[in-house]
Amino acid sequence: MPSCVIVVTPDVEKSRAVIDAWERCGVTGMTLLDSMGLYKLRQMSGQRDDLPLFPSLRHFLQGDEVHHRTAFAVVGDDFDLDRLFAETEAAIGGSFLAPNSGFMFVVPVTRVAGLRG
């Protein structure tokens, strides 16, 4: 069964290393998003009173807030997820158990169209 692999990195500088690691592991396509955690959103809500519950990209780009990077990819059922986890942890500089290192998880994909590679 294919899997969707998701990683959130709070260090934007390390996101390039994560992308490179995923490509080395054989990920042929991924999507990258700017994202923000609830903790940061709550911190900002004390600073800005115009922040909507579901902010648009325009709202994010207006300020100098620090964002996380969220990357996700759908991989085939024969993909080496153990290697992907190890390479991703090396790219972030150690372990997801370290404070402010982000997190990574996998969910099964029961149906997919357009998966290549």
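**Exercise 1. The cavity**

Task: In this predicted model, determine how many cavities of 30 Å³ or more there are, and describe the lining of the largest cavity.

Solution.
Step 1. The count comes to one cavity of 30 Å³ or more. A general idea helps here: rolling a probe the size of a water molecule over the atoms shows where empty space is left.
Step 2. The space in the largest cavity amounts to about 40 Å³.
Step 3. The residues that line the largest cavity are Val7, Thr9, Ser15, Val18, Ile19, Leu32, Arg69, Thr70 and Ala71.
Step 4. Sorted by class, this lining has five nonpolar, three polar and one charged residues.
Step 5. At least two residues of the lining come from each of E1, H1 and E3.

**Exercise 2. The sheet**

Task: State in which order the four strands of the open sheet are arranged, and which strands are the edge strands.

Solution.
Step 1. The order of the four strands is E2-E3-E1-E4, and their pairing is antiparallel.
Step 2. Strand E2 (31-35) and strand E4 (103-108) are the edge strands, since each pairs on one side only.
Step 3. On average, neighbouring strands of the sheet are turned by 20 degrees against each other, with direction ignored.
Step 4. Seven bridges join strand E1 (residues 3-9) to strand E3 (residues 68-75) in the antiparallel sense. Within this pairing, Val5 has Ala73 of E3 as its bridge partner.

**Exercise 3. Helices on the sheet**

Task: Identify which strands helix H1 lies across, and which strands helix H4 touches.

Solution.
Step 1. Helix H1 (residues 15-24) lies across E1, E2, E3 and E4. Its direction runs at about 155 degrees to E1.
Step 2. Helix H4 (residues 81-92) also packs on the sheet, where it touches E1, E3 and E4. The direction of H4 makes about 160 degrees with that of E4.

**Exercise 4. The surroundings of Cys4**

Task: Decide whether Cys4 is buried or exposed, and find which residues it contacts beyond its neighbours in sequence.

Solution.
Step 1. Cys4 is located in strand E1.
Step 2. A residue is called buried under 20% relative accessible area. Cys4 has 12% relative accessibility, and therefore counts as buried.
Step 3. Apart from neighbours within four places in sequence, Cys4 is in contact with Phe72, Ala73, Val74, Phe105, Val106, Val107 and Val109.
Step 4. One of these contacts, Val106, is 102 residues from Cys4 along the chain, yet the C-alpha atoms of Cys4 and Val106 are separated by 5.6 Å.

Notes
Residues are numbered from 1 along each chain as its sequence is written. This is a predicted model: local features need pLDDT of at least 70, side-chain atom pairs count only at pLDDT 80 or more; totals for chains, interfaces and linings use all residues. Side-chain values use heavy atoms; hydrogens and water are left out. Two strands pair if DSSP finds at least two bridges between them. Axes are lines fitted to C-alpha atoms, for helices over the stretch in contact, and angles run from 0 to 180 degrees between N-to-C directions. Contact means heavy atoms within 4.5 Å. On a 1 Å grid over the protein atoms alone, a cavity is a set of points where a 1.4 Å probe fits but cannot get out, and a pocket is an open set with protein on both sides within 12 Å along at least five of seven lines; lining residues have an atom within 4 Å of a point. Grid points are joined across faces, edges and corners, and a volume is the space filled by probe spheres set on the points. Ala, Val, Leu, Ile, Met, Phe, Trp, Tyr, Cys and Pro count as nonpolar, Asp, Glu, Lys and Arg as charged, and the others, Gly among them, as polar. Buried means under 20% relative accessible area, exposed over 50%, partly exposed in between (1.4 Å probe, protein chains only).
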